Amino acid sequence: MSFLNLTMTATVIKANCNGCKLWLRISTIILCCASPFAVSQQLFDDLATLTSPAHAGRSAGSDEPNLSAQFLFARFTQLGLQTEYQRFSFKTGFTSEATGHNVVAKLPCNTPRCGKAIVVSAHYDHLGTKGSKIYAGANDNASGTAALLALAQQLKTAKRYYPIILLATDAEEKGLHGAKHYASKINSTEYALNINLDMLALNQKSTLYVMHSRTAKPYVEVLARLPVHDFKLKLASSPQRMRRLVGTERVDWLKASDHYAFHKAGLPYLYFGMGEDKHHHSVKDTLEQIDFKKYQHVVNFINDFIVALLDCPLDCTS
Ligand SMILES: [Zn+2]
């Protein structure tokens, strides 16, 4: 990982310069950078955990929170966020029902003037197993879920004019049930925005798509001002535009992920994703397929965007 590379480079420089000022300067740079690099190692570890055989493809529908839900609960709690499970039922047939568990982690506003809440969602469930085959769902959507944990780590020390809710939803693959349940329980007038993360591991096109509702335009202007490293950013102001940009005639991008539930509840939304993935819903959607460096740049970019939003006093985007 980058962290190891940097440490090795520093050791070589130290050996060559015999305690000169340069070493002091480099040490300072390394110390300053310690937090982001530690986060990137953690990001990789979280992705590896969520896609590991023990998590068995993170299938939704167990009476108690599954291993993935417990892992997320523990990680958010360990980071100091106020965390709870949100239990819900969903239909699996004409008469049958199953139970799902959202994991909801909160960071309150920490300034004297507080705006409406921003809810950042990513579904943690995937397809589970079929016989001996495990559907790891690394891109769909361990990538978005691990990003939530990285955001928790970074945003907990940020200046926040808005409360932020990091929501790991369950049973998305079976009909966006976790997001629909969450959206049905909120007072939408207390929420400013939904940011939905689903499939953040960029493929060869190196393109991150951000589809948004018209009502999210002031937030998109903040996003468009940020520098982008190592990938292209394409903005889609409607599902039709998204379809044309990605080149997918069959996909209804409005209903394709959890942002739809928030859109139905009247919230502006921004949906971050990599578009079409040839390994989507196949056993090949594995950790090994992920270009971690690109993925990390995407997560950093989303973090920078949310930090910019949170650090913006009330109505600064209007
Ligand atoms: Zn998904």
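User: What spacing do the donors of the zinc ion follow along the chain?

Analyst: Donors are N, O and S atoms within 2.8 Å of the metal (3.2 Å for Na, K and Ca), and water is not among the atoms, so sites may look incomplete. Here the spacing is H-x16-D-x57-D. This is a predicted model, where local features need pLDDT of at least 70, side-chain atom pairs count only at pLDDT 80 or more, and totals for chains, interfaces and linings use all residues. Residues are numbered from 1 along each chain as its sequence is written, and side-chain values use heavy atoms, with hydrogens and water left out.

User: Which residues coordinate the zinc ion?

Analyst: His123 (NE2), Asp140 (OD) and Asp198 (OD), with Asp198 (OD) listed twice, at 2.0 to 2.6 Å. Aspartate 140 and aspartate 198 are both buried, meaning under 20% relative accessible area with a 1.4 Å probe, protein chains only.

User: How do I read two packed helices?

Analyst: You describe them by the angle between their axes and the distance between the axes. Axes are lines fitted to C-alpha atoms, for helices over the stretch in contact, and angles run from 0 to 180 degrees between N-to-C directions. Helix H6 (residues 217-224) and helix H9 (residues 292-310) pack at about 120°, axes 9 Å apart. Helices here are DSSP runs (H or I, at least four residues), numbered from the N terminus.

User: Which residues in H6 and H9 meet?

Analyst: Tyr219, Val222 and Leu223 in H6 meet Phe301, Phe305, Ala308 and Leu309 in H9; contact means heavy atoms within 4.5 Å.

Notes:
Buried means under 20% relative accessible area, exposed over 50%, partly exposed in between (1.4 Å probe, protein chains only). Helices (H or I, at least four residues) and strands (E, at least two) are DSSP runs, numbered from the N terminus.
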